[in-house]
Amino acid sequence: MTESHLAQVNIGRIVAPMDSPELADFVAQQPEINALADRSPGFVWRMVDGGGVDATGIRPDGNDDLLLFNCSVWESVEALRNFTYHSGHLRVLSRRREWFRRMAEAHQAMWWIPAGHRPTVAEAMERVAMLREHGPGPQAFTFRDPYPAPNGAAQQRDGCHVSTDAEEAVAAFRAAGTSSRAPLPTTRSGNPSTTCGAAPTPHLN
């Protein structure tokens, strides 16, 4: 059984509210893209909002109604890459500038998790903050700078680094947007809000 799975988070600021004419085509394609992800080789899980269909109702920053969020888990970087760039998802991805504003800072991240763990919004936002502040590393990376899955001991050390609560994670995300990069610390402290068993743009929902 695989010890590690790949988690990914992607955030984006839409050009108008979800119920606006500008987003109508994006909204209309969500069921097809979600179904495609669900049946893609290597897909494990994706976060959904209270409606249980997609993540378009999740707002990671309560002060930003236009910031969308998605988070999913895959068996490998290759599985996520194949879905992102070698499936019908690419057709939607190529139109992202019609629906999403360009973000100067990092807006996506990948990281390895113990198989069976399900990331929280706070955990995912913290990973984006790590990437913004420190650049790519084993705890938060992208397709351009992938890191291999850790061995068992390393996975236990880095299985879950979650801020005390969601507000802390969002605050770190905002702060990282304006901070200069610094070397990534080897350890982190704090009381996590969740426990674990021991970061090119993925899908846009």
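Which residues does Gln29 touch, not counting residues up to four places away in sequence? In this predicted model, Gln29 touches Arg91, Val92, Arg95 and Trp99.

**Gln29 and its surroundings**

Gln29 belongs to helix H1, which comprises residues 24–38. The relative accessibility of Gln29 is 9%. Because buried means under 20% relative accessible area, Gln29 counts as buried. One of the residues that Gln29 touches is Arg91, and the side chains of Gln29 and Arg91 are also joined by a polar contact of 2.7 Å.

**Strand S3 and its partners**

Strand S3 covers residues 67–74, and 8 of its 8 residues are buried, so the strand is largely enclosed by the rest of the structure. The side chains of S3 can be followed in two groups. Leu67, Phe69, Cys71 and Val73 point one way from S3, while Leu68, Asn70, Ser72 and Trp74 point the other way; the residues of both groups are buried.

Two strands are paired with S3, as the table sets out.

| Strand | Residues | Bridges to S3 | Direction relative to S3 | Residue and its partner in S3 |
|---|---|---|---|---|
| S1 | 4–13 | 8 bridges | antiparallel | Leu6 opposite Trp74 |
| S2 | 43–46 | 3 bridges | antiparallel | Phe43 with Trp74 |

Trp74 therefore appears in both rows, and it is also one of the buried residues of S3. Leu6 stands opposite Trp74, and Trp74 is likewise the bridge partner of Phe43.

Key. Residues are numbered from 1 along each chain as its sequence is written. This is a predicted model: local features need pLDDT of at least 70, side-chain atom pairs count only at pLDDT 80 or more; totals for chains, interfaces and linings use all residues. Side-chain values use heavy atoms; hydrogens and water are left out. Buried means under 20% relative accessible area, exposed over 50%, partly exposed in between (1.4 Å probe, protein chains only). Helices (H or I, at least four residues) and strands (E, at least two) are DSSP runs, numbered from the N terminus. Two strands pair if DSSP finds at least two bridges between them. A polar contact is a pair of N or O atoms within 3.5 Å; within protein, one must be able to donate a hydrogen and the other to accept it, and residues adjacent in sequence count only if both atoms are side-chain atoms. Contact means heavy atoms within 4.5 Å.
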